[in-house]
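Biologist: Hi! Could you walk me through this protein in plain words?

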Amino acid sequence: MKTYLVLYDAQKKALFDSDIKPLLAESDCHFWAYEGQSLDGLSGNQKVLLWLGDASIKVLLPIAVEQAWQIGVIPHPEMNRSFKLFRGLGTAEDTISAILDNPEPIGMDLMVCNQQCVLGSVMIGNPEVMMPAALMDENWWCKIKNFFVLLMSFRKTTLVSYQMTTEKEAQVNTAALSMSLVYRPSNSEFTKRTIGETEKDEATLNAVIFSPRSIVESLHFLWTKFLPKQVKTQERLPHYLGHIKTTSLTVKSDSGLLNISIDGEASKEAVLTVNIKADALQTLGLTLPEKLPVSEQKETVRVANLPKGQVVKELVNRPLSWIHHSDPEEVKETFIAIH
């Protein structure tokens, strides 16, 4: 059996033959053009190199886990979300050298949502809000356009009631406009700008809940989190944000089916279950961040300022008012931020 099985994009064979295959010329490889066919005949416990786009990688990751493959990921023109998942990828030449020079695999966590591997993020809520909010890292003119798209959306969208249960059975019942769930906060510009980067990896997911009670609070979010080029995160969250860090989260809604987006693919689900599979994937050639020991990991539920009880009933299925309960503090905080 060859040392490496190389699965490459059949649609880009010419590019593979000219740019990638020569870099593996001195290695013991078997090359297989992949175009979505069944891989049931492949044996387990082998070293597999992937030169594929996001869509194919997403399909193959569960197989890699089940078959205990040791995988090396080589940069591909249609690899976008995978770049954030497999941190530390350089050029194709540097990546292949790292794979060949470091034959021992390293365990990597995987985030799974409703039986799907997640490369980047899961978003829950109104699509009119989710799509522009996901484009926080675009250029300035796109930001201005999406600023006004979001502003108009806030004027006609409504909050939805959600019931969440964490791994340790913590119950959160609130109303929210949208939520973003990621493994690393840096996997989504929205989560990175709201809760900040993490120095060490943890086998946990991060859920950020966006729950403005009024258009004024929505404006505060746009002005302080969406428009600035650089955002300095603070330990204390604004009143309209919540943060849950846990190894698994179940989300339901009394308002009906959930609008969800997994890596940009939209669908409707009755229940959403997300969990982290620790060290599920054996990887080659990666330099991953230091990982916090499981014994030091703690579940965190920061939702004290989110709507609860009677307030949830007041907010659900009603357009946002300009100021919730004529609260002058909302106006004060927003104008301070703008100033």
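**A chat about the fold**

Modeller: Let's start with one residue: K200 counts as partly exposed, at 34% relative accessibility. Buried means under 20% relative accessible area, exposed means over 50%, and partly exposed is in between (1.4 Å probe, protein chains only).

Biologist: Before we go on, what kind of model is this?

Modeller: This is a predicted model, in which local features need pLDDT of at least 70, side-chain atom pairs count only at pLDDT 80 or more, and totals for chains, interfaces and linings use all residues. Residues are numbered from 1 along each chain as its sequence is written, and side-chain values use heavy atoms, with hydrogens and water left out.

Biologist: Good. Back to K200: which residue does its side chain meet in a salt bridge?

Modeller: That is E290, at 3.6 Å from N to O. A salt bridge here is a side-chain nitrogen of Lys or Arg within 4 Å of a carboxyl oxygen of Asp or Glu. E290 sits in the loop between β16 and β17 and K200 in the loop between α7 and β11, so this pair links distant parts of the chain, 90 residues apart. Helices (H or I, at least four residues) and strands (E, at least two) are DSSP runs, numbered from the N terminus.

Biologist: And E290, is it buried or exposed?

Modeller: E290 is exposed, with a relative accessible area of 53%.

Biologist: How many salt bridges does the structure hold?

Modeller: It holds nine. One of them joins E78 to K12, with the closest N and O atoms 2.9 Å apart. E78 is in the loop between β4 (70-73) and α3 (81-85), while K12 is in the loop between β1 (4-9) and α1 (13-20), 66 residues away. E78 counts as partly exposed at 42% relative accessibility, and K12 is partly exposed at 22%.

Biologist: What about R184 and D201, buried or exposed?

Modeller: Both R184 and D201 are buried. Their side chains meet in a salt bridge, 2.9 Å from N to O. R184 lies in the loop between β10 and α7 (189-195) and D201 in the loop between α7 and β11 (205-210), so the pair ties together parts that are 17 residues apart in sequence.

Biologist: Let's zoom out. How many helices and strands does the chain have?

Modeller: There are ten helices and 17 strands in the protein chain. Of its 339 residues, 48% count as buried.

Biologist: Which strands make up the open sheet?

Modeller: Seven strands form it, in the order β15-β14-β7-β10-β11-β12-β17, with antiparallel pairing. Two strands pair if DSSP finds at least two bridges between them. At the edges stand β15 (265-269) and β17 (300-302), each with a single partner strand, so one side of each has no neighbour in the sheet.

Biologist: Can you give me a pair inside that sheet?

Modeller: Sure. Strand β7 (residues 121-125) runs antiparallel to strand β10 (residues 178-182), and five bridges join them. Within that pair, M123 has S180 in β10 as its bridge partner.

Biologist: Now to β5. What does it pair with?

Modeller: β5 pairs with strand β16 (residues 272-283) in the antiparallel sense, over seven bridges. In β16, N275 is the bridge partner of V112. β5 is also joined to strand β6 (residues 116-118) by three bridges, again antiparallel, and C113 stands opposite Q116 in β6. The two strands β5 and β6 form a hairpin with two residues between them, and N114 in the turn has a positive phi of about 45°.

Biologist: How many residues of β5 are buried?

Modeller: Six of the eight residues in β5 (residues 106-113) are buried, so "mostly covered" is a fair label by the under-20% rule.

Biologist: And T283, which residues is it in contact with?

Modeller: Leaving aside neighbours within four places in sequence, T283 is in contact with I71, F86, E104, P105, I106 and M108. Contact means heavy atoms within 4.5 Å. T283 belongs to strand β16 and is buried, with a relative accessible area of 1%.

Biologist: Last topic: which residues touch the most other members of the largest nonpolar core?

Modeller: I124, M164, L181, V251 and L272 do, out of 27 residues in that core. Another core lies apart from it, with 26 residues, among them V48, I57, L61 and M108. A nonpolar core is a set of buried Ala, Val, Leu, Ile, Met, Phe, Trp, Tyr and Cys residues joined through side-chain atoms within 4.5 Å.
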